[in-house]
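Student: I should be grateful for a close look at one part of this structure, namely the place where its two domains meet. Please describe it in one connected account.

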Amino acid sequence: MTQVESRLTSPESVGMSANRLERIAPALQEYVDERGYPGFTTLVSRRGRLVHEGRIGWQDREAEVPLAEDTIYRLYSMTKPIICTALMTLFEEGRFQLVDPVAKWIPAFGATKIAGPGGTLEDQSPLRPMQIRDVMSHTSGLTYDFLEDFPVAEQYRARQLMHDPTRTLEQLVDELATIPLAFAPGTMWHYSLGTDVTARLIEVISGQQLGDFLQERLFGPLGMTDTAFGVPESERGRISAMYGLPDIIAQDMTFSTLAAAFAAGDVGRRDVEATYPSDAADVFQRGGLGLFGTGSDYLRFANMLLTGKAEDGTRVLGRKTLELMHTNHLAPALRPYVLAGVPAPGYGFGLGSRVAMDIGQSALAGSPGEFGWAGAAKTYYWVDPVEEIVGVILTQHMVGFDLPEADFRAVVYQSIED
């Protein structure tokens, strides 16, 4: 019996059906057999009890290495909720307020202009500059290299903001502050490098390097022994190979290029070590991506977001802080948020995570108040405070347009019996 298997409890003891949970593997097998996905690690807990842990497929398809309990995944944007949670531990100490101007802590953003029509530049409003809550909820005016809906993204690509892992976090954010904002802070939702600014705020406010802070505040207390920026040389054989579409953070990559690759069936094995290195932990520390981790580690983190506590009962975040993070922060005019042209009906956005507001509009099984996020390589998690359910599904398929996570959710929810 493995370490994770030893923690499994009877689903029936927490109001779920073991027989119905067995539908998870068949629901996902098609993605491995026919759609180019290497495999999946899936975990489900209810009321803090692990009721499902499963694996299908390969860690390395060509070498015929099956997924293991301790397979390590590149988390990409599932780094973001960890970063926002870490910053909120400083909020609980009264070290900052969400409405503080970012420039209070990173002065260069006080001079950042807003791109106007015809190449004009405008000043930020002194009454509504970029605030800390903006960089956590993607309303800051920042964007991403691969998104093409604002002209300033051309400057992001030219300066290789996402593509260059040799920059420190400080150097990245200093460079970012010299590029005009795409829009006035607080006026729209737009996916962005805002969480990298959030990560830099952690360093400035705490006086610690990001990786050290995460280890002290989250990874150590939660027992997340395999989560970090980078992987020790002795453990790199546990990293899952990457498959799918071209690398989203390759030089000059855009979302339209990825869509064209999808239409052409350009799906295969990808080497992403150059853009997401496993051997540069001291330098490649980011907020929007960069972490490596296992399924069991991420489940520990997500369960803490449900209870505020580690498995041993240690309080990590207060209940009211968690409620503040996972309530909708977007004004009605900013909803539904739209990512790469795709709207998310029924959802608002909190501090680092989507937040379900209207289950009918979302067209997904769930509950109002459910929250979570995903990563570029089709990693995904959610927390449902109403049903006290946490689900984690991990794979390594770059920018898949399929929805295995939705199938997984549907099977988990149909397993509830109470």
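Tutor: In this predicted model, the C-alpha centres of domain 1 and domain 2 lie 24 Å apart. Domain 1 is made up of two stretches of the protein chain, 11–83 and 225–415, while domain 2 covers 99–216. Where the domains meet, 37 residues of domain 1 are in contact with 37 residues of domain 2. The area buried between them is about 2900 Å², and carbon and sulfur atoms give 65% of that area. On the side of domain 1, three residues deserve particular notice: Ile83, Gln285 and Arg286 supply 20% of the area that domain 1 buries against domain 2, more than any other three residues.

The polar side of the interface may be considered next. Between domain 1 and domain 2 there are 16 residue pairs in polar contact, with both residues at pLDDT 80 or more. By contrast, 0 salt bridges are found across this interface.

As for the elements involved, those that give two or more residues to the side of domain 1 that touches domain 2 are the helices α3 (79–91) and α9 (255–263) and the strand β11 (338–339). Of these, α3 gives the most, with 3 residues. In composition, the residues on this side of domain 1 divide into 23 nonpolar, 10 polar and 4 charged.

To draw the account together, the contact joins 37 residues of domain 1 to 37 of domain 2, and the interface holds 16 residue pairs in polar contact but 0 salt bridges.

Technical notes:
Residues numbered from 1 in each chain as written. Predicted model: local features only at pLDDT ≥ 70, side-chain atom pairs only at ≥ 80, totals over all residues. Heavy atoms only, no water. Domains from an automatic or database assignment. Contact = heavy atoms within 4.5 Å. Buried area = accessible area lost by both parts, 1.4 Å probe. Salt bridge = Lys/Arg side-chain N within 4 Å of Asp/Glu carboxyl O. Polar contact = N/O pair within 3.5 Å; in protein donor to acceptor, adjacent residues only side chain to side chain. Helix = DSSP H or I, 4+ residues; strand = E, 2+ residues; numbered from the N terminus. Nonpolar A, V, L, I, M, F, W, Y, C, P; charged D, E, K, R; others polar.
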